[in-house]
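Thanks for coming. I have two topics today, a pocket and a sheet, and I will take the pocket before the sheet.

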Amino acid sequence: MDEMEEELKCPVCGSFFREPIILPCSHNICLACARNILVQTPEAESPQSARASGSAASDYDYLDLDKMSLYSEADSGYGSYGGFASAPTTPCPKSPNGVRVFPPAAPPPQQQQQHHLLPPPAAPGAPPPHPHPHPPAMMMMMIPRNACLTCPQCHRSLTLDERGLRGFPKNRVLEAVVERYQQSKAAALRCQLCEKSPREATVLCEQCDVFYCDACRVRCHPPRGPLAKHRLVPPAQGRISRRASPRKTSTCTEHELENLSMYCVQCKTPVCYQCLEEGRHSAHEVKALGAMWKLHKEQLSQALNVLSDRATEAKEFLVQLRNMVQHIQENGVEFEACLVAQCDALIEALNRRKAQLLTRVNKEHEHKLKVVRDQISHCTVKLRQTTGLMEYCLEVIKENDPSGFLQISDALIRRVHMTEGQWGKGTLTPRMTSDFDLTLDSGPLLQTIQQLDFVQMKVPAAPILQLEECCSQTNSATLSWKQPPLSTIAVDGYILELDDGSGGQFREVYVGTETICTVDGLHFNSTYKSRVKAFNSSGVGQYSKILVMQTSETGLPPCDIKSLATVAWFTFDPASAHPDIILSNDNLTVTCNSYDDRVVMGNTAFSRGLHYWEITIDRYDNHPDPAFGIARGDVLKDVMLGKDDKAWAMYVDNNRSWFMHNNSHTNRTDGGIGKGATVGVLLDFSRGILLFLINDEQQGPIAFDSLEGLYYPAISLNRNVQVTLHTGLPIPDFYTPGESDPSGSVC
C-alpha cells in the first residue's frame with residue numbers, strides 16, 4: 001500500500017488529508033487548506049463593511065456553498081485577484097509538494113491578539129498538529145462574502161457566493177481510507193498467546209479472531225483437522241476488516257433531517273425526497289441511490305480489471321527489460337573479450353586502432369544500457385503511480401457509504417481510464433535490442449590497418465509485409481514490405497517471389513532496393529502466393545510470411561466489350577469509419593448508433609476501370625435520407641455524404657432522390673427506397689462518370705462527370721438504416737461503355 005500514500009496527501013500542505021472536501025473539478029483539499037488559499041475578488045466588500053451593513057449571515061459565510069462559477073478552465077488564478085484587506089497579492093512559497101498557493105489574509109488586530117490563546121505546542125510523542133492553526137470560529141470571521149478559491153492541481157478559479165466553504169461536500173470515503181491507512185502504519189500488532197514478551201504477530205485467524213506469531217501458530221493453530229479450514233490473513237488486513245464500519249446513512253446538506261436516498265444523474269449528486277418535492281431536479285433523471293452505488297462500483301471494478309491487466313503486463317515488461325540489461329552486459333563483455341583477443345593477435349600497429357574500436361564498442365554498450373535503464377526508470381515510475389491508484393480505488397470500493405462513493409466515483413473512473421490509456425501501444429515495447437551487431441574482420445593486410453573498421457557479418461532479418469498496403473486489382477498485384485522496427489542490420493536489396501497461381505514453385509519477379517512492387521500480367525481468377533527476403537554482403541536472409549492474393553474474375557469472352565470492366569471485391573473499412581459506425585457480417589453490413597448521419601468508406605480505392613457495386617436496404621425506419629456514392633480519402637465523416645467537396649453522392653428517401661456534391665442539390669427524381677430495395681453505383685473512369693440505380697433501374701441522368709483521381713466507395717446513414725454491401729458484380733445489362741447516354745440502351 002506504500003504506492004497509495006501520494007493519493008492520500010493534500011496538494012497544499014503535503015500532509016495526509018484532514019477533513020477533505022471535494023472541489024467541483026473533482027480534486028480534494030483539506031478544509032483548513034481551502035481557508036488558507038482563499039483570496040478576495042475585486043468586487044467583494046470587506047468583512048467589516050458586510051457586518052456593518054447588518055448582514056446576519058456574514059459571520060457564517062464559510063458554512064455553506066451551493067453555487068459556484070468557473071471563471072476560466074485555463075486561468076490559473078494566480079495574480080488574477082487581489083487579496084483580503086491588507087493582504088499581499090504575491091503568492092507565498094510553494095507547499096511541501098511543490099504546489100503554489102496564496103497566503104491567508106492578515107487578520108484584524110483583535111484577531112491577532114486571539115492568536116495568543118491558541119493551545120501550546122504538542123508534547124513529545126503526541127501526533128503532530130495540523131498545519132492550519134486557525135479555529136473554525138476565527139476562520140468564520142476571516143472569509144469575505146465574495147471569495148475566490150483556486151484549485152492547486154488544475155488551477156481552476158472558483159468564486160464562492162454567500163454560502164462559503166461548508167457547501168463543498170466532504171469526502172468521507174477519502175477520510176476513511178486515510179484513517180485505515182494510518183492505522184495500518186501504526187505499531188506492529190503483537191501475538192495474543194505469547195506468555196512473556198509477546199512477539200510481533202504474523203497472521204490473524206478470522207474464525208478464531210486471534211493474532212498469532214509464527215511459533216504460536218505452529219503450536220496452537222496447526223493446519224490440520226477443523227483448523228485447516230480457517231482463513232489466515234496478514235495482521236494489517238485483519239485489523240482493517242475488524243474495524244470496517246457498517247454502511248453509513250448520510251443526510252442532505254440542504255435538509256439535515258432527510259436521508260440521501262436518490263441520485264440525480266444530470267447533477268451527479270445524491271439528493272433527498274424533499275429536494276425532489278421542491279422541484280430542483282424535476283427535469284432531471286433521478287435513480288435510486290443504492291442502484292447507482294452498485295452501478296458505479298461495477299464500472300470502477302471493470303475499469304480496475306483492465307488497469308490491473310496493464311499493470312501485470314508492465315511488471316512482466318520490467319522483468320523483460322531487466323533481463324535485457326543482463327543480456328546486454330553479458331553480450332557486451334563477450335564482444336569486448338572477442339575484440340581484445342583479435343586485436344592482441346595482430347602486430348603492434350593494430351594497438352592504436354584497437355583503442356579506437358574499444359571506445360566505439362563501449363559507447364554502443366553504454367548507449368544500449370542508458371536507453372534500457374531510462375525506459376526501466378520511466379516504466380517503474382508509471383507503474384508505481386498506477387499501482388497507487390489501483391490500491392486507492394480498491395480501498396474506495398471497500399467503503400460502504402453510497403453517497404460518499406458516488407461523489408468521487410466518476411472522477412476515479414475517468415482517472416483509471418486515463419491511466420489505462422497511458423499504457424497504450426508502444427509503451428510496453430523495448431526501445432533497444434540486446435544484440436551487438438558488430439563483428440571485427442581481422443583479415444586485412446598490415447598496410448590497411450589504419451582503415452580497419454567494423455563490417456556487417458549478419459544476414460538481414462525477414463522483412464514484414466505491410467498488409468494494409470498490399471492489394472490486387474484485375475490481373476495485377478501490389479505488394480509492400482519493410483524491415484523489422486528494431487533491426488539495425490544493413491540491407492543491400494530485396495527479392496520478391498510469386499508462385500504460378502496454381503500452387504507451383506516460386507519464381508523471382510523483382511530484385512532491387514525498393515520496398516513496394518506492382519506485378520502485372522497475372523492470370524485472372526487465380527490465387528497467388530508471394531514472399532520476400534532481404535540480402536546484403538553477408539548473404540540472403542529468411543523469407544517473410546507468405547501472403548495469398550486473389551486476382552479478379554472476368555468470366556466473359558475477350559471479344560465482349562464488358563470484359564474491360566474490373567470486377568473488384570471490397571468491404572467497408574472499420575479503420576477509417578466514424579466511431580459511431582457499427583459493422584458486422586465481415587464488414588459487409590453497416591448501421592449506426594447515432595441519429596446524425598455518419599460516413600463509412602470502402603477499403604479499396606479506384607482510379608481507373610469500370611466498377612459496379614450494390615447496396616441492399618436491410619432496415620429502413622422513419623424515412624431517413626441515406627446517401628450513396630464515392631469520396632476522397634479525407635472526406636468529412638460526421639456529416640451527410642456530399643455535404644463537402646470531397647464526396648459525390650445520391651441521397652434518397654422513401655419517395656425521391658437528389659444528387660449532391662459540395663452541398664449543392666440537383667436533379668430531384670421521383671422514386672425512393674424501402675426495406676428490401678437495392679441501390680446500385682456505377683463508376684466508369686473511361687468516361688469519368690458516376691450514375692446510380694434503384695432496383696435495377698437507372699435513377700435520373702448521369703449524376704456526375706469529369707471524374708479523375710482516386711475515389712473510395714462510400715455511404716452515409718444514421719441509426720434508422722441498415723444496409724449490406726455486394727461487390728464483385730457484373731455490369732448491368734443496359735449499360736454499354738462508350739455510349740454518350742447510358743439511359744438510351746435500356747432494354
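Let me start with what sort of residues face the second largest pocket. Its lining divides into twelve nonpolar, eleven polar and eleven charged residues. Please keep in mind that this is a predicted model.

The lining is made up of 34 residues. Which of them lie nearest the centre of the pocket? Those are Glu6, Glu7, His27, Gln153 and Arg415. As for the elements behind the lining, helix 10, residues 349-397, and helix 11, residues 402-422, are the ones that give two or more residues to it. The space in this second largest pocket comes to about 980 Å³.

On how such space is found in general: a probe the size of a water molecule is rolled over the atoms, and that shows where empty space is left.

Now the sheet. It is an open sheet of three strands, and the order is 11-10-12. The pairing is antiparallel. Which strands are at the edges? They are strand 11, residues 269-271, and strand 12, residues 286-288, and each of these pairs on one side only. From one strand to the next, the twist averages 40 degrees.

Looking at one pair in detail, strand 10, residues 262-264, is joined to strand 11 by three bridges, and the two run antiparallel. Within that pairing, Met262 stands opposite Val271 of strand 11.

Last, what lies across the sheet strands? Helix 9, residues 289-345, lies across strand 10, strand 11 and strand 12. Relative to strand 12, helix 9 runs at about 85 degrees.

That is the end of my part.

Technical notes:
Residues are numbered from 1 along each chain as its sequence is written. This is a predicted model: local features need pLDDT of at least 70, side-chain atom pairs count only at pLDDT 80 or more; totals for chains, interfaces and linings use all residues. Side-chain values use heavy atoms; hydrogens and water are left out. On a 1 Å grid over the protein atoms alone, a cavity is a set of points where a 1.4 Å probe fits but cannot get out, and a pocket is an open set with protein on both sides within 12 Å along at least five of seven lines; lining residues have an atom within 4 Å of a point. Grid points are joined across faces, edges and corners, and a volume is the space filled by probe spheres set on the points. Helices (H or I, at least four residues) and strands (E, at least two) are DSSP runs, numbered from the N terminus. Ala, Val, Leu, Ile, Met, Phe, Trp, Tyr, Cys and Pro count as nonpolar, Asp, Glu, Lys and Arg as charged, and the others, Gly among them, as polar. Two strands pair if DSSP finds at least two bridges between them. Axes are lines fitted to C-alpha atoms, for helices over the stretch in contact, and angles run from 0 to 180 degrees between N-to-C directions. Contact means heavy atoms within 4.5 Å.
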